[in-house]
Amino acid sequence: MSVDKMLRDMVADEVARAIGPLNAAVAQLQANGQVIARLAAALGQPLKRGPGRPPKALSLGAPTTGKRRGRPPGRKASGRACAVKGCGKQMRSKGYCAAHYQKFRMLERTNRLPADWVADAAPNSVKNIKLPRGRAGAKALAAARG
Ligand SMILES: [Zn+2]
């Protein structure tokens with residue numbers, strides 16, 4: 001017997017021993033797959049394989065009762081239009097849309113709120129004002145603040 005043949009036999013033995021359990025596992029997996037396929041055929045619908053979200057009824061963990069976060073449902077669609085004429089957006093707070101409510105707050109804070117800019121104004125009842133920008137704006141702001 002040559003050294004070459006001996007080495008080859010040794011390597012073959014080693015490989016067979018290493019691959020043996022793997023082969024068994026693969027065979028088992030294939031058998032499982034066949035079982036699942038047969039079950040799916042029996043049930044009349046294909047089963048989804050692979051990682052996915054478990055059904056809600058089966059999910060574990062704390063129940064979802066308790067304090068809810070964020071805006072309560074139903075408040076989003078107020079159906080009322082923004083108080084500012086020609087805005088067309090939906091009311092968010094105090095009769096104004098998000099942008100005009102911010103403007104309202106800023107005007108209020110800087111004592112520049114026009115007479116018709118009231119809280120909870122009727123839709124399309126308030127005339128929008130164009131604020132001076134740049135140096136003129138800074139001047140107007142300083143004058144308003146006194
Ligand atoms: Zn608006």
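## A residue to start with

Which residues does T110 touch, not counting residues up to four places away in sequence? They are L141, A144 and R145. Keep that residue in mind; we come back to T110 below, after a look at the whole protein.

## The overall picture

What you have in front of you is a predicted model. Averaged over the protein, the pLDDT is 83, and 79% of the residues score at least 70. If you compare the elements, α2 comes out highest with a mean pLDDT of 96, while α1 is lowest at 83. It helps to remember that predicted coordinates should not be read in detail where pLDDT is low.

The layout is easy to follow: there are 3 helices and 0 strands, and reading from the N terminus you meet them as α-α-α. Helix α1 covers residues 3–43, α2 covers 98–109 and α3 covers 134–145. Of the 146 residues, 13% count as buried. The accessible surface adds up to about 12,300 Å², and carbon and sulfur atoms account for 57% of that. Now take the contacts between residues at least 6 apart in sequence: 40% of these join residues at least 24 apart.

## Charged pairs along α1

How many salt bridges does the structure hold? The count is 3. The idea behind them is simple: side chains of opposite charge can pair when their charged atoms come close.

Start with D4, which forms a salt bridge with R8, their closest N and O atoms being 3.3 Å apart. Both sit in helix α1, 4 residues apart, or about one turn of the helix. The two partners fall into separate classes: D4 is partly exposed because its relative accessibility is 44%, and R8 counts as exposed because its value is 59%. Next comes K5, paired with D9 in a salt bridge whose closest N and O atoms are 3.2 Å apart. K5 and D9 are 4 residues apart in helix α1, so about one helical turn separates them. K5 is partly exposed at 45% relative accessible area, and D9 is also partly exposed, at 34%.

The remaining bridge to mention links R17 and E14, with 3.8 Å from N to O. Here the spacing is 3 residues in helix α1, so R17 and E14 are again about one helical turn apart. R17 is exposed, with a relative accessibility of 60%, while E14 is partly exposed at 49%.

## A nonpolar patch

Not everything on the surface is charged. V11, V15, I19, L22 and V26 form a nonpolar patch there, and together they offer about 410 Å² of accessible area. One of these residues, V15, lies in helix α1. Is V15 buried, partly exposed or exposed? V15 counts as partly exposed, because its relative accessibility is 41%.

## Back to T110

T110 is placed in the loop between α2 and α3. Why does T110 count as buried? Its relative accessibility is 2%, and buried means under 20%.

The side chain of T110 has polar company as well. It reaches the backbone oxygen of M106 at 2.8 Å, and it makes a polar contact with the side chain of R112 at 3.1 Å.

## H100, a buried residue in α2

Helix α2 holds H100. With a relative accessibility of 12%, H100 counts as buried. Which residues is H100 in contact with, leaving aside its neighbours within four places in sequence? The list is C82, V84, C87, W117 and N128.

## Two loop residues with positive phi

Two loop residues deserve a look for their backbone angles. The phi of K94 is near 50 degrees, a positive value in a residue other than glycine. K94 sits in the loop between α1 and α2, and counts as partly exposed because its relative accessible area is 36%.

N111 also has a positive phi, near 55 degrees, and is likewise a residue other than glycine. You will find N111 in the loop between α2 and α3. At 58% relative accessibility, N111 counts as exposed, whereas T110 counts as buried.

Definitions and conventions. Residues are numbered from 1 along each chain as its sequence is written. This is a predicted model: local features need pLDDT of at least 70, side-chain atom pairs count only at pLDDT 80 or more; totals for chains, interfaces and linings use all residues. Side-chain values use heavy atoms; hydrogens and water are left out. Patches are made of residues with over 30% relative accessible area and no salt bridge: like charges are joined within 9 Å, nonpolar side chains (Val, Leu, Ile, Met, Phe, Trp, Tyr) within 5 Å. Accessible areas come from the Shrake-Rupley method with a 1.4 Å probe; for residues, only the protein chains shown count as cover. A salt bridge is a side-chain nitrogen of Lys or Arg within 4 Å of a carboxyl oxygen of Asp or Glu. Buried means under 20% relative accessible area, exposed over 50%, partly exposed in between (1.4 Å probe, protein chains only). A polar contact is a pair of N or O atoms within 3.5 Å; within protein, one must be able to donate a hydrogen and the other to accept it, and residues adjacent in sequence count only if both atoms are side-chain atoms. Contact means heavy atoms within 4.5 Å. pLDDT is the predictor's confidence in each residue, from 0 to 100.
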